[in-house]
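This report is a first tour for a newcomer. Look over the sequence and the fold before reading on.

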Amino acid sequence: MNDRIRVPEVRLVGPGGEQVGVVRIEVALNLAQEADLDLVEVAPDARPPVVKLMDYGKFKYESDMKAREARRNQTNAQLKEIRFRLKIDDHDYETKKGHVVRFLSAGDKVKTMIMFRGREQSRPEMGVRLLQRLADDVAEFGTVESMPKQDGRNMVMVLAPTRKKTENKAEPKRARSSRGGDEVPAE
């Protein structure tokens with residue numbers, strides 16, 4: 001930046017992005033001082049190095065704001081876990097399926113686990129059948145990321161949401177804006 005650039009000639013880019021050409025470093029520094037801007041090296045590996053006339057403080061502020069906005073919009077999906085037993089009743093299955101649907105709708109991955117005990121360990125195909133039934137039941141909310149695998153006394157399958165977490169967050173905002181947004185909720 002400015003006086004720290006130690007090469008005899010540079011390729012100068014104007015403040016609007018227009019190409020000025022290859023000029024001596026002294027000329028480029030004089031142009032920067034006249035325009036009350038900074039001379040910033042943008043491509044130091046090029047021959048000759050490329051420098052640009054810009055307000056460096058403003059550039060730094062805008063890049064920080066972009067990074068902050070990107071961090072605010074970034075969401076990381078969590079891995080939720082649901083445990084089943086092989087001999088699960090229909091109502092219990094429906095309740096746990098509801099939890100899986102809720103997690104997938106929120107944009108989180110779900111690790112479903114069937115715990116085998118005693119003689120149940122000799123019937124892993126029944127566990128595969130149960131997990132496949134669950135995958136079919138929640139197909140509109142998520143897809144199977146890893147197929148059922150036997151892991152000691154447990155069988156594990158991972159379901160991934162079909163929609164990203166950021167899309168799920170953006171949907172209520174779109175719905176509010178399409179309704180008008182100036183409605184006052186009834187008390």
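Which residue's side chain meets that of Arg123 in a salt bridge? The partner is Glu125, with 2.8 Å from N to O. Keep in mind that this is a predicted model.

## The chain as a whole

The protein chain holds five helices and eight strands. Starting at the N terminus, the order is β-β-α-β-β-α-β-α-β-α-β-β-α. The chain has 187 residues, and 30% of them are buried.

Many contacts bridge long stretches of sequence. Take the contacts between residues at least 6 apart in sequence: 56% of these join residues at least 24 apart. The exposed surface comes to about 12900 Å². Carbon and sulfur atoms supply 49% of that area.

## The opening hairpin

Strand 1 covers residues 9-13, and strand 2 covers residues 19-24. The two run antiparallel and are joined by five bridges. One pairing to find is Val10, whose bridge partner in strand 2 is Val23.

Five residues lie between the two strands of this hairpin. Gly17 takes a positive phi there, near 95 degrees.

## Helix 1 and its neighbours

Helix 1 spans residues 25-34. Its buried residues are Ile25, Ala28, Leu29 and Ala32. Seen down the axis, these buried residues fall within an arc of 100 degrees, so they line one face of helix 1.

What do the buried residues of helix 1 pack against? They pack against strand 1 and strand 2, and also against strand 3 (38-43) and strand 4 (50-54). The hairpin strands are thus among the packing partners of helix 1.

## A positive phi at Asp36

Asp36 comes just after helix 1. It sits in the loop between helix 1 and strand 3. Its phi is positive, about 55 degrees, although Asp36 is not a glycine.

Is Asp36 buried or exposed? Asp36 is exposed, with a relative accessible area of 69%.

## Helix 3

Helix 3 has 16 residues. From its first C-alpha to its last it reaches 22 Å. That is close to the 22 Å expected at 1.5 Å a residue.

Which residues of helix 3 are buried? They are Tyr93, Lys97, Val100, Val101, Phe103 and Leu104. These residues cover an arc of only 160 degrees around the axis, which puts them on the same side of helix 3. A lysine, Lys97, is in this buried set.

Gly107 follows helix 3. Its phi is positive, near 95 degrees.

## Salt bridges

How many salt bridges are counted? The count comes to seven. Three of them are described here, including the pair of Arg123 and Glu125. Arg123 is partly exposed, with a relative accessible area of 40%. Glu125 is also partly exposed, at 37%.

Arg83 and Glu81 form another salt bridge, at 2.8 Å from N to O. Arg83 has a relative accessible area of 42%, which means that it counts as partly exposed. Glu81 is partly exposed as well, at 37% relative accessibility.

The side chains of Asp90 and Arg133 also meet in a salt bridge, at 4.0 Å from N to O. This pair links distant parts of the chain. Asp90 is in helix 3 (residues 90-105), and Arg133 is in helix 4 (residues 124-137). The two are 43 residues apart. Asp90 is exposed, at 52% relative accessibility. Arg133 is partly exposed, at 35%.

## Ser146 in strand 7

Strand 7 runs over residues 142-151, and Ser146 is part of it. Is Ser146 buried or exposed? With 18% relative accessibility, Ser146 counts as buried, because the limit for buried is under 20%.

Leave aside residues up to four places away in sequence. Ser146 then touches Met157 and Val158. In general, side chains in a regular strand alternate between the two faces of the sheet.

Conventions. Residues are numbered from 1 along each chain as its sequence is written. This is a predicted model: local features need pLDDT of at least 70, side-chain atom pairs count only at pLDDT 80 or more; totals for chains, interfaces and linings use all residues. Side-chain values use heavy atoms; hydrogens and water are left out. Buried means under 20% relative accessible area, exposed over 50%, partly exposed in between (1.4 Å probe, protein chains only). Helices (H or I, at least four residues) and strands (E, at least two) are DSSP runs, numbered from the N terminus. Contact means heavy atoms within 4.5 Å. The expected span of a helix is 1.5 Å times one less than its number of residues. The arc is that of the directions from the helix axis to the C-beta atoms. Accessible areas come from the Shrake-Rupley method with a 1.4 Å probe; for residues, only the protein chains shown count as cover. Two strands pair if DSSP finds at least two bridges between them.
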